[in-house]
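Q: Could you take a close look at one part of this model for me, the nonpolar packing and the sheet beside it in your account? I'd like one connected walk-through.

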Amino acid sequence: MPELNTKDPVFFVGAPKAGSTSIHMALAQTGLFNYPALKNSHYLINQDFSLEEYSKYFSSNDKRIFEIDQNLSIHRQPFINIGRFFDAPIIVYVTRDPEARFISAYKWLKKMGLVNSVGEAVDKYWNWMVEHGKYRRNITSNMLPYLKAEEKLLVVRFEELVADDGATFSELQRKLGIAADSVTSLEFHNESVKARFPAGVKYLRLLLNRTKHLLPHDLIASIRDSAAFKRLLFRSERINISDAERKSYEEFSSLFEVEQSY
């Protein structure tokens with residue numbers, strides 16, 4: 001297998017519940033990129049990062065790579081590694097309205113059977129619920145200090161990517177070197193629906209997290225993306241959020257007040 005292509009890679013580092021699944025599916029369908037079957041490998045976070053180990057996540061090393069890892073933005077190490085090992089990378093930071101992202105992150109935790117209340121979600125998953133929503137802090141502290149002159153940082157909003165006019169998503173594709181035949185918007189996927197067996201979903205997720213780096217990545221991806229598997233685990237009924245749960249965002253909203261001024 002040829003060595004991993006380190007030229008002009010694209011790294012999406014959007015916050016959880018800001019469209020990373022939808023973007024991954026859209027870019028994968030272009031056929032232009034080499035990408036990991038296992039979304040969110042987290043390997044770029046490693047201080048002992050090596051291209052040899054990283055290449056094991058990819059299957060077609062002659063192509064330009066992209067990776068989407070929604071957990072990178074709250075760390076500095078990924079951007080140090082990107083600057084050291086890749087040539088002229090493009091980093092795309094996808095943000096979302098803070099309240100919408102906060103509520104969607106909570107709904108996902110409920111979907112996976114991990115929490116029963118917003119308070120529990122914040123206590124147990126502070127990074128997921130709060131730190132990832134501090135966009136300005138993440139950009140100024142974790143990204144900008146480690147970017148080189150030839151590196152590009154694009155900040156886009158999820159709401160604009162899925163807008164009906166398709167202008168933002170089409171422009172993003174052009175900036176990534178993708179020839180868009182027509183103006184199209186990003187299709188939204190992965191909405192939170194109720195689990196048939198919440199406890200079973202919870203423990204299956206824990207099992208997959210512990211084995212995903214041991215089993216073949218294509219196998220994990222096929223299980224995760226299987227429509228039949230999803231129908232077995234989840235209903236079509238969406239998770240509803242009570243007025244009290246939604247209002248609880250106000251308790252944390254002050255943490256995000258300055259995050260819209262980046």
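A: Here's a walk through the packing, and then the sheet.

A few ground rules: this is a predicted model, where local features need pLDDT of at least 70, side-chain atom pairs count only at pLDDT 80 or more, and totals for chains, interfaces and linings use all residues. Residues are numbered from 1 along each chain as its sequence is written, and side-chain values use heavy atoms, with hydrogens and water left out.

The largest nonpolar core (buried Ala, Val, Leu, Ile, Met, Phe, Trp, Tyr and Cys residues joined through side-chain atoms within 4.5 Å; buried is under 20% relative accessible area with a 1.4 Å probe, protein chains only) has 22 residues, and F11, V13, L44, Y54, I65 and F86 touch the most other members. Two or more residues come from each of α3 (77-85), β4 (90-95) and α7 (135-143), with α7 giving the most, three. Helices here are DSSP H or I runs of at least four residues, strands E runs of at least two, numbered from the N terminus. Leaving out residues up to four places away in sequence, F86 is in contact (heavy atoms within 4.5 Å) with residues including F11, L44, Y54 and I65.

Apart from that core lies another, of 21 residues, F12, F66, I68 and F158 among them. H24, in helix α1 (residues 20-28), touches F66 and I68, among others, and is buried at 10% relative accessible area.

As for the sheet, it's open, with five strands in the order β2-β3-β1-β4-β5 and parallel pairing; strands pair if DSSP finds at least two bridges between them. β2 (33-34) and β5 (152-157) are the edges. β2 pairs with β3 (residues 64-68) over two bridges, and N34 stands opposite I65 in β3.

Definitions and conventions
Buried means under 20% relative accessible area, exposed over 50%, partly exposed in between (1.4 Å probe, protein chains only).
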